[in-house]
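Reader: I would like a close look at one part of this model, namely the charged side chains that pair with one another along the chain. Please take one such pairing as the starting point and then set it in its surroundings.

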Amino acid sequence: KNITNELKKKRAQEGSWRRKINETRSNFMRQLRKTQMDAAKELNNMKVKMSQEMQYLEQKAKEDIGRLTQERDEVKKDLSDMTVAKNELSTELISFREEMTELLAETKQNATNEFEAFRDKTNAETTKQLSE
């Protein structure tokens with residue numbers, strides 16, 4: 001009877017250990033599943049944030065590209081306008097040089113003509129005075 005009581009005690013103690021082990025295993029598995037779910041939620045949150053950040057950066061890049069393209073086009077137009085103005089100034093300068101050259105030649109010819117007329121008049125007067 002003593003042995004039977006001992007066996008009953010040992011079996012009861014083993015049952016208690018098994019329950020404790022099963023309870024610990026269940027708690028561990030529950031905690032593991034909770035940790036996995038929390039990690040999955042955090043991963044999804046990170047994916048959403050990364051996606052939003054990528055969309056923001058893509059939009060910003062599009063805006064920057066648009067702005068830079070507009071600035072480039074304005075610079076091209078300004079350069080084109082400056083080239084046209086330079087060509088017009090060059091043409092005006094050539095015309096001015098031609099006019100100045102013609103005016104100089106005309107002035108020189110007028111001066112030569114006046115000098116020759118003065119010389120002829122002076123020679124005629126001198127000749128008239130000598131013949132008198």
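**A salt bridge and its surroundings**

Author: In this predicted model, the side chains of Lys60 and Asp64 meet in a salt bridge, with 3.8 Å from N to O. That separation falls inside the cut-off used here, because a salt bridge requires a side-chain nitrogen of Lys or Arg within 4 Å of a carboxyl oxygen of Asp or Glu. As a general matter, side chains of opposite charge can pair when their charged atoms come close. The two partners both belong to helix α1, where Lys60 and Asp64 are 4 residues apart, or about one turn of the helix. Neither partner is counted as buried, since Lys60 is partly exposed at 37% relative accessibility and Asp64 is partly exposed at 25%.

The pairing does not stand by itself, for Lys60, Asp64, Arg67 and Glu71 are linked in a network of salt bridges. Within that network, Glu71 forms a salt bridge with Arg67, and the closest N and O atoms of this pair are 3.4 Å apart. Glu71 and Arg67 are again 4 residues apart in helix α1, so that about one helical turn separates them. Here too the side chains are in the intermediate class of accessibility, with Glu71 partly exposed at 38% and Arg67 partly exposed with a relative accessible area of 42%. A residue that lies next to Lys60 in number, Ala61, is also placed in helix α1, and Ala61 is partly exposed with a relative accessible area of 35%.

Another pairing can be set beside these, namely the salt bridge in which the side chains of Lys34 and Asp38 meet, at 3.2 Å from N to O. Lys34 and Asp38 are 4 residues apart in helix α1, and therefore about one helical turn lies between them. Lys34 is partly exposed, with a relative accessible area of 46%, and Asp38 is partly exposed as well, at 37%. By the rule applied here, the count for the model comes to 7 salt bridges.

The wider setting of these pairs is a chain with 1 helix and 0 strands, and helix α1 covers residues 2–131. The C-alpha trace spans about 190 × 20 × 10 Å along its principal axes. The radius of gyration of the protein chain is 56 Å, whereas a compact globule of 132 residues would have one near 14 Å. The spacing of two residues gives a further sense of this scale, in that the C-alpha atoms of Ala61 and Leu130, which are 69 residues apart along the chain, are separated by 100 Å. Buried residues make up 1% of the 132 residues in the protein chain. The accessible surface comes to about 12,800 Å², and carbon and sulfur atoms account for 58% of that surface.

The charges as a whole deserve a word alongside the individual pairs. The protein chain carries 27 positive and 25 negative side chains, and the centres of the two sets lie 37 Å apart. Some charged side chains gather with others of like charge, as in the patch of negative charge that Glu98, Glu99, Glu102 and Glu106 make on the surface. These glutamates are outside the salt bridges, because residues are taken into a patch only if they have no salt bridge and over 30% relative accessible area. One of them, Glu106, sits in helix α1 and is partly exposed, with a relative accessible area of 49%.

The residue numbers of that negative patch interleave with those of a nonpolar patch on the surface, which Leu93, Phe96, Met100 and Leu103 form with about 360 Å² of accessible area together. Phe96, one of its members, is found in helix α1 and counts as partly exposed at 46% relative accessibility.

To return to the part you asked about, the salt bridge between Lys60 and Asp64 is best read together with Arg67 and Glu71, as a network of linked salt bridges.

Note on methods. Residues numbered from 1 in each chain as written. Predicted model: local features only at pLDDT ≥ 70, side-chain atom pairs only at ≥ 80, totals over all residues. Heavy atoms only, no water. Patch = residues over 30% accessible without salt bridge, like charges linked within 9 Å, V, L, I, M, F, W, Y side chains within 5 Å. Areas by Shrake-Rupley, 256 points an atom, 1.4 Å probe, with all protein chains shown as cover. Lys, Arg positive; Asp, Glu negative; His and termini not counted. Charge placed at Lys NZ, Arg CZ, Asp CG, Glu CD. Helix = DSSP H or I, 4+ residues; strand = E, 2+ residues; numbered from the N terminus. Buried < 20%, exposed > 50% of the residue type's maximum accessible area, 1.4 Å probe, protein only. Rg over C-alpha atoms; globule rule 2.2 N^0.38 Å.
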